[in-house]
Amino acid sequence: KEKELLFVCHRMSGWLMTTERPVQVKMVKVKKSDKGDFYKRQIAWALRDLAVVDAKDAIKENPEFDLHFEKIYKWVASSTAEKNAFISCIWKLNQRYLRKKIDFVNVSSQLLEESVPSGENQSVTGGDEEVVDVYQELNAREEQDIEIMMEGCECAISNAEAFAERLSRELQVLDGANIQSIMASEKQVNILMKLLDEALKEVDQIELKLSSYEEMLQSVKEQMDQISESNHLIHLSNTNNVKLLSEIEFLVNHMDLAKGHIKALQEGDLSSSRGIEACTNAADALLQCMNVALRPGHDMLQAVKQQQQRFSDLREQFARRLASHLNNVFVQQGHDQSSTLAQHSVELALPNHHPFHRDLLRYAKLMEWLKNTDYGKYEGLTKNYMDYLSRLYEREIKDFFEVAKIKMTGTTKESKKFGLHGSSGKLTGSTSSLNKLSVQSSGNRRSQSSSLLDMGNMSASDLDVADRTKFDKIFEQVLSELEPLCLAEQDFISKFFKLQQHQSMPGTMTEAEDLDGGTLSRQHNAGVPPPVSSEKDMIRQMMIKIFRCIEPELNNLIALGDKIDSFNSLYMLVKMSHHVWTAQNVDPASFLSTTLGNVLVTVKRNFDKCISNQIRQMEEVKISKKSKVGILPFVAEFEEFAGLAESIFKNAERRGDLDKAYTKLIRGVFVNVEKVANESQKTPRDVVMMENFHHIFATLSRLKISCLEAEKKEAKQKYTDHLQSYVIYSLGQPLEKLNHFFEGVEARVAQGIREEEVSYQLAFNKQELRKVIKEYPGKEVKKGLDNLYKKVDKHLCEEENLLQVVWHSMQDEFIRQYKHFEGLIARCYPGSGVTMEFTIQDILDYCSSIAQS
């Protein structure tokens, strides 16, 4: 704020005080007018709005000070004395009219003390205040009396002094009357004084009686104090007895185990449902007694110590009995389950463990009790369960996979041919023999083209669609049997061993169990349950131990399927991807999801190897030098692969893998078709390119593979280009001498001779033209076309059926040459009447008759 100058005078001309009541005090800022010697009011503040008066410094002289209204205003007085006088004025007005707490900051206390009025001024000020406070308005009766008096004194209106004298005289008369009345009442005053003396005597007597009463009450008070003290001691004793009874009742109610529960823990039948229920209830009651929250000092009581020791002995005894019984149940259930394996030995189905799980789940609550009370025994039971069940599942799963392998290969004799022996179900075939297997196309295409190929050491295994469908169904059934088995066992483990199956933050075990033995985790002490975050890992580790044979058996089965037919990897990739996708939707970190994911990697590797083998076989293809090429085997195999893949991968999750394989294969096909065409000696290069790219284009058009649209267009372009090239090359110049004659004509025209003047050239006159035309009669033309047709027929294969297409293109090219010759005759030999000895219609008839023959 900018500093302003305030003029303060001792007459308080800067303050406005209203005449109405209550009085309102305002501080006014004025400005001297430019027109004259008078002041104009600019702004006013009510004193009641003033909150703080800040004098800046109470010791040093300083003309500056601040006034805090709704905002802070900074002022500068003309001198320190005027500032002090102004602040003193504010103090007085506040004390007189507002009686409000205004904060005076940095103001000398001496200045405020001097501002307080004293002596005569104080009496005057007090008088004013008293006048102000005593002032009251006249009531109606007083107004009426004054009016009557005024009417009786008419002169009061004209002569106020005469009226005042009259009033004074009447007042003196009234005072005299009052004095006489007081003196007349002296007799009554004497009587009143006597009565007062008698009353004082009576008071003295009453005081004496009260003193005696007080002495008597004092003795009674002492007796009452003694009675009160005795009652306090009785109440204290009663309170202590109540508290003691409460403590005893608490211990008895919470640390007393019923005899029935004790008997159930010691002798309860753990093999019957009723006995299990009784033992479960007794175990829960025992756990409640042991876990009761004792109050301070209870653990020092000998009876409490004895009861706790008794509970501990009962817990140890029952935990030992429960663990022994459950171990026997595991062993017995394993033997019972093994006895039922025979009926599944010829079926592709896994035994159902539901009855076993149902019987064991009766002990789930007892397992939870054991986990909370004696984790060492709980952990031992867990390990024993894994040991027994892993051996049982290993026998079941290996027998199951053995049946699956036999069904895949047809008979046991055939399974030995593929390297299967014994119950282990392992493949013993060498890797080299597996790599030598290849898928060959079936049907007439292979029989027609096999004579053209020297496939080296590759052995062919012709499998029809029914065989592959059979493999697909068997593989799907294997996965469909394994999935519910694993899910049911995982669900049972989580319920029976009371482990958290679905955790938002899965823990990581610091030291997981070795599959060959050891503890589940060493991050916790025996007897102390692990944190909840590691329980999901415990389930996974238990599943790995129990089903440790699933992954190798699946890999062996996959290797067998790939060995039987490498195209089986397509079926396996789709099926395995779907099952992995399903398992991950249920629980991405489960044993089933992890195991199937690992196996999927193997399947994907086999699929990639299948694609690589096909490309390698393309590169190794060698053509026969004695027979025509036709449709190359790997082109037919690509057609078979694409048709099979499209039927298998319809709506599959791993479509992207197939699209990548398509891209690799089609590039390999394109490169190796061109390679074979360049090496071909019997069949022209253009024919090899034309026929094979026509076949590829037809295959891609039929299958409508979206990722190969660019390759389809490329195949079509290559087919068209090489068709045109072959037609031009094979047709050549069927009218050779005539063609050489007209080439000379075109050369003369190019040298600048006008077309109509060419006939004047000696070598190109009309006689020479007729001589050349006579050498090509219709019969000779037909003979030449017939030879050409036979030549084309030798080059082309019947499988692709392009003979008519090529022949029609050659016919069009021949007609184009004929029209070209006719045009030159018409332009260079006008009016000569020279024409060819055969017509376009003759050409069409020749070509048609040759084709029909």
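Visitor: Which residues does Y385 touch, not counting residues up to four places away in sequence?
Guide: The model is predicted, and contact here means heavy atoms within 4.5 Å. With residues up to four places away in sequence left out, the partners of Y385 are F330, F356, H357, L360, E489, F492, I493, F497, M542 and I546.

Visitor: Which residues touch the most other members of the largest nonpolar core?
Guide: In general, nonpolar side chains in soluble globular proteins tend to be buried together. The largest nonpolar core of this model holds 175 residues. Those touching the most other members are Y385, L738 and V806.

Visitor: Which helix gives the largest share of this core?
Guide: The core in question is the one with 175 residues. Its largest share amounts to 14 residues, and they come from helix α13 (residues 375-409).

Visitor: How many residues are in the other core?
Guide: This core lies apart from the largest one. Among its members are W45, L47, V53 and I102. Its size is 24 residues.

Visitor: Which residues are linked into a cluster by ring pairs?
Guide: Y385, already noted for its contacts in the largest core, is one of the cluster's members. The full set linked by ring pairs is F330, Y375, Y378, Y385, F492, F496 and F497.

Visitor: How many aromatic pairs does a search of the whole structure find, and what is the angle between the planes of F400 and F401?
Guide: The search finds 26 aromatic pairs. One of them joins F400 and F401, with 5.6 Å from centre to centre. Both residues are buried. Their pair is edge-to-face, the angle between the planes being 80°.

Visitor: Why is the pair of F471 and F475 stacked?
Guide: Both residues lie in helix α17 (residues 465-496), four residues apart, about one turn of the helix. Their ring centres are 6.0 Å apart. Planes under 30 degrees apart count as stacked, and the planes of F471 and F475 are at 15°, so the pair is stacked.

Visitor: What is the relative accessibility of F475, and is F475 buried or exposed?
Guide: Buried means under 20% relative accessible area. F471 has 4%, so F471 is buried. F475 has a relative accessibility of 1%, and therefore counts as buried.

Visitor: Is α24 roughly parallel or antiparallel to α25?
Guide: The axes of helix α24 (residues 685-703) and helix α25 (residues 709-731) come within 8 Å and cross at roughly 150°. Angles over 145 degrees count as roughly antiparallel. The crossing is left-handed, and the angle makes α24 and α25 roughly antiparallel.

Methods. Residues numbered from 1 in each chain as written. Predicted model: local features only at pLDDT ≥ 70, side-chain atom pairs only at ≥ 80, totals over all residues. Heavy atoms only, no water. Core = buried A, V, L, I, M, F, W, Y, C linked by side-chain atoms within 4.5 Å. Buried < 20%, exposed > 50% of the residue type's maximum accessible area, 1.4 Å probe, protein only. Helix = DSSP H or I, 4+ residues; strand = E, 2+ residues; numbered from the N terminus. Phe/Tyr/Trp six-rings, centres within 6.5 Å; stacked < 30°, edge-to-face > 60°. Axes fitted to C-alpha atoms, helices over the stretch in contact; angles between N-to-C directions. Parallel < 35°, antiparallel > 145°, perpendicular 65-115°, else oblique. Left-handed = near helix turned anticlockwise from the far one by under 90°.
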